Amino acid sequence: MRKALHFHSFFEPTPWHKTLKKTLHFHSCTFLGPNLPDVWTPKENNTSPHTLLPQSFQWTNDGDSATILEGKAIAKEIKLKVADEISKMKSEIGKFPRLAVVLVGDRKDSHTFIHVKKKACEKVGIGTVVSELPQSCSENELLDVVSGFNDDQDVHGIVVQLPLPQHLDEERIMNVIRPEKDVDGFHPLNIGNLAIQGRKPFFIPCASKSCIELLHRHGVEIRGKRIAIIGRSKIAGLPTSLLLQRHHATVSLLHAYTKNPAQITSEADIVIADVGIPNIVRGDWIKKGAVVIDMGTNQVKDSNSGVFRVTGDVCFEEAVKVASAITPVPGGIGPVTISMLLSNSLDSAKRAFGIN
């Protein structure tokens, strides 16, 4: 778990270069798959036909607060669809998806993420098998476990919970997972196909899918918009930038060596934060009326009560006064990301069973 921050420093500006380079990137990684178009083209009124907002809604902030882009309703709808398809699958062919999860070590946050994923799978009818290895396990031991799941025809998706202990080669482990079972979407083949227009990866990383789906469902136009993504992690920032380019956005990918990040971000129509640093994105970084997607998940400790709270990378109290719409943390991207893991797992099983 990241080092706890004290609540009294919650609103203090965070130096960009000094903090970003030291930050670990991890999300509960965890498009509904084949049913979501490769490129979403909005209607003439710039509103998705599936939007949760009124047809007449305009993305402006003329008052003191932005519209809150909740993800729970979207996640619930996706889960209901996945559960319905799995129920039909069971009744028609007597089979269902199975997800294998590999957990190394005793990190509390990783155990929490696994618990959330397992519970979500159970609710929609996806079988799960969790393989836990000690912190001191060797790389070959971990590779053997992953290879076993690769060869198991009853396993349709494989998730290796990140981050792994430092003595393990994370890239080597992820590369061993068969691309057609890589429901996290991190395999080089899946990322590579995502980067090339016209090609289709087996899976798209869940956090990136959830970002597009949330924008789509809320009627936020992507095509032709300037988008600033702060952070280039392989879990969210990098694949999200590739996915948005497929939707014809003009994307700026900011990182630890980017000069004048605040200026670049302040020119964007959509701002996406993925660095794992509480409140690194301030209110004056955001253009009036921009849409803000906060992918950060950080534990912040109140120095007085000692209670931890979950917060994002964006200073919500400042941004909500400037943006036209913003995702909360928790309750924004997170629930949708979990639902996308379920969707990916279902798609993997359908492919294995020959179901269109």
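**Close-ups of a predicted model**

**View 1. Strands β3 and β5 run side by side.** Strand β3 (residues 98-104) and β5 run parallel and are joined by four bridges. Helices here (H or I, at least four residues) and strands (E, at least two) are DSSP runs, numbered from the N terminus. Two strands pair if DSSP finds at least two bridges between them. Look for Val 102, which sits opposite Val 160 in β5. Zoom out a little and you get an open sheet of three strands in the order β4-β3-β5, with parallel pairing. β4 (127-133) and β5 take the edges with a single partner strand each, so one side of each has no neighbour in the sheet. From one strand to the next, the twist averages 15°. Everything in these views comes from a predicted model, where local features need pLDDT of at least 70 and side-chain atom pairs count only at pLDDT 80 or more, while totals for chains, interfaces and linings use all residues. Residues are numbered from 1 along each chain as its sequence is written, and side-chain values use heavy atoms, with hydrogens and water left out.

**View 2. Helix α8 is mostly covered.** Of the 10 residues in α8, eight are buried. Buried means under 20% relative accessible area, exposed over 50%, and partly exposed in between (1.4 Å probe, protein chains only). The buried set is Gly 237, Pro 239, Thr 240, Ser 241, Leu 242, Leu 243, Leu 244 and Arg 246. What do the buried residues of α8 pack against? Their partners are α6, α7 (206-217), β6 (226-230), β7 (250-254) and β8 (270-273), with contact taken as heavy atoms within 4.5 Å.

**View 3. Helix α6 packs on α8.** Helix α6 (residues 188-195) and α8 pack at an angle of about 35°, and their axes are 9 Å apart. The axes are lines fitted to C-alpha atoms, for helices over the stretch in contact, and angles run from 0 to 180 degrees between N-to-C directions. From α6 come Ile 191, Asn 193, Leu 194 and Ala 195, which meet Pro 239, Leu 242, Leu 243 and Arg 246 in α8. By type, the residues of this contact split into six nonpolar, one polar and one charged. Ala, Val, Leu, Ile, Met, Phe, Trp, Tyr, Cys and Pro count as nonpolar, Asp, Glu, Lys and Arg as charged, and the others, Gly among them, as polar.

**View 4. Thr 240 is tucked into α8.** Thr 240 belongs to helix α8 (residues 237-246) and is buried, at a relative accessible area of 1%. A polar atom of the Thr 240 side chain lies 2.5 Å from the backbone oxygen of Ala 236. Leaving out residues up to four places away in sequence, Thr 240 touches Ser 208, Cys 211, Ile 229, Ile 272 and Met 295.

**View 5. Two non-glycine residues have a positive phi.** His 248 sits in the loop between α8 and β7, with a phi of about 65°. Is His 248 buried or partly exposed? His 248 counts as partly exposed because its relative accessibility is 43%. Asn 279, in the loop between β8 and β9 (291-294), also has a phi of about 65°. Asn 279 counts as buried, at 1% relative accessibility.

**View 6. Cis peptide bonds lead into Pro 163 and Pro 330.** Leu 162 and Pro 163 are joined by a cis bond with omega of about 0°; Pro 163 is in the loop between β5 (157-160) and α5 (170-176). The bond from Val 329 to Pro 330 is cis too, with omega near 0°, and Pro 330 is in the loop between β12 (325-326) and α11 (333-353).

Methods. Polar contact = N/O pair within 3.5 Å; in protein donor to acceptor, adjacent residues only side chain to side chain.
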